[in-house]
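The following paragraphs walk through one helix and then a few loop residues. Keep the sequence and the structure side by side while reading.

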Amino acid sequence: MPVVTCIEDLRELAKRRVARAIFEYVDCGSYAEQTLRANRADLEAIALRQRVGIDVDRRSMRTTMAGQEVAMPVALAPTGLTGLNWADGEMLAARAAERFGVPFTLSTMSICSIEDVAGAVTKPYWFQLYVMRDRGFAASLIERAKQAKCSALVLTLDLQIQGQRHRDLKNGLAVPPKLTLATAFDILRKPGWALNVLKGKRKSFGNLEGRIPDAKSLTTLSQWIAGQFDPTLSWKDVEWVKNLWGGKLVLKGILDAEDAKIAASSGADAIVVSNHGGRQLDSTISSIRALPEVVDAVGGRIEVWFDGGIRSGQDVLKALALGARATMIGRAFLYGLGAMGEAGVTRALEIIRNELDVSMALCGLRDVKDASRSILRAP
Ligand code: GLV
């Protein structure tokens with residue numbers, strides 16, 4: 001086994017092991033991928049401020065996210081098709097997160113179902129909701145998440161309509177994976193992945209089976225989203241979801257100060273500054289560029305979390321310095337899952353924790369909750 005020292009190592013391993021259509025679904029963004037690249041480039045352009053002569057013994061990364069204690073300010077973001085990277089991937093990632101002490105968020109578009117994941121963990125996890133045209137179905141998902149004792153609902157607001165991902169179309173990404181000439185070739189090249197995924201409990205969307213006709217024989221993901229997701233989703237619906245759910249509510253996909261102000265008055269507990277990992281509106285600004293204006297706009301009325309391009313603990317620290325209370329990671333943990341299953345998710349979390357810890361110390365910071373602009377160099 002090669003020595004894994006950073007998230008990029010996990011990405012390389014995942015790329016070698018996972019079928020191309022699935023790896024590229026994870027790795028790529030929408031259209032020309034300008035926003036995908038901006039997420040990384042703008043994080044890289046921020047400089048941390050090295051300080052010396054400060055006692056940095058006994059450091060702490062503990063904090064809370066929507067009232068929940070976390071070992072570090074990093075939650076696993078909701079990601080579609082997780083269980084096609086590694087058999088039962090959602091159950092494994094949820095378990096790794098629980099052992100580590102950080103939240104796991106199950107996507108509506110997961111392979112393992114709400115109930116599968118509930119059976120794999122001992123503490124509550126979080127559920128992410130897409131609102132479908134069929135409101136009865138959306139309500140039933142909320143009810144199932146309640147029954148499963150999920151401790152927060154993450155409502156995604158930036159995917160009423162899907163941005164086109166060129167690679168998914170070129171790869172004919174279908175769920176469950178379809179046997180075509182191209183996928184047969186992939187299976188021959190990635191037999192370990194194919195055998196592993198075949199052993200999984202499910203190969204299609206676990207939350208939809210038996211509830212949406214033909215959930216077992218869905219065509220392409222983008223066709224399915226176009227047919228089912230509700231483009232009329234508005235702030236009134238956020239209120240509807242909030243009332244039905246009645247628990248901690250997180251609004252994901254805020255990138256604009258005006259929207260942030262409305263979100264802050266919505267009664268939700270947190271917002272996630274996000275452009276969906278550069279997978280939706282292309283040519284919009286990076287998440288890290290949007291973060292300060294969102295933080296200013298809400299003025300402490302609601303917790304502000306951040307996602308978009310995080311590949312290291314240094315990236316987490318930069319987001320905290322710019323006012324995020326916490327962060328979410330998507331690709332960073334999926335690379336770990338695709339590379340080594342549950343152990344890979346744990347490894348990804350360890351890498352980020354160790355990087356965050358050392359970087360805090362070298363910035364002269366002992367408590368992650370004290371991160372502020374003072375640990376950044378002026379641009
Ligand atoms: C869905 O959430 C996606 O980004 O593919």
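In this predicted model, helix α12 spans residues 257-264, and its buried residues are Ala-257, Ala-260, Ala-263 and Ala-264. These alanines cover an arc of only 115° around the axis, so they sit on the same side of α12. An α-helix has 3.6 residues a turn, so residues three or four places apart point the same way. The buried residues of α12 pack against two helices, α11 (235-245) and α13 (287-298), and against the strands β7 (249-254) and β8 (270-273). At the N-terminal end of α12, Asp-256 acts as a cap: one of its side-chain oxygens lies 2.9 Å from the backbone nitrogen of Glu-258.

Next comes a charged residue in a loop. Lys-190 lies between α8 (181-189) and α9 (191-199). Lys-190 is buried but has no salt bridge. The nearest side chain of opposite charge belongs to Asp-186, 4.4 Å away, whereas a salt bridge requires a side-chain nitrogen of Lys or Arg within 4 Å of a carboxyl oxygen. Leaving aside residues up to four places away in sequence, Lys-190 touches Lys-15, Arg-16, Arg-17, Val-18, Ala-19 and Arg-20.

Two other loop residues deserve a look for their backbone angles. Most residues other than glycine have a negative phi. Glu-33, in the loop between α2 (20-27) and α3 (34-44), has a positive phi of about 65° although it is not a glycine. Asp-88 is likewise not a glycine and has a positive phi, of about 55°. Asp-88 is found in the loop between β3 (74-76) and α4 (89-100), and it is partly exposed, with a relative accessible area of 23%.

Terms used
Residues are numbered from 1 along each chain as its sequence is written. This is a predicted model: local features need pLDDT of at least 70, side-chain atom pairs count only at pLDDT 80 or more; totals for chains, interfaces and linings use all residues. Side-chain values use heavy atoms; hydrogens and water are left out. Helices (H or I, at least four residues) and strands (E, at least two) are DSSP runs, numbered from the N terminus. Buried means under 20% relative accessible area, exposed over 50%, partly exposed in between (1.4 Å probe, protein chains only). Lys and Arg count as positive and Asp and Glu as negative; His and the chain ends are not counted. Contact means heavy atoms within 4.5 Å. The arc is that of the directions from the helix axis to the C-beta atoms. A polar contact is a pair of N or O atoms within 3.5 Å; within protein, one must be able to donate a hydrogen and the other to accept it, and residues adjacent in sequence count only if both atoms are side-chain atoms.
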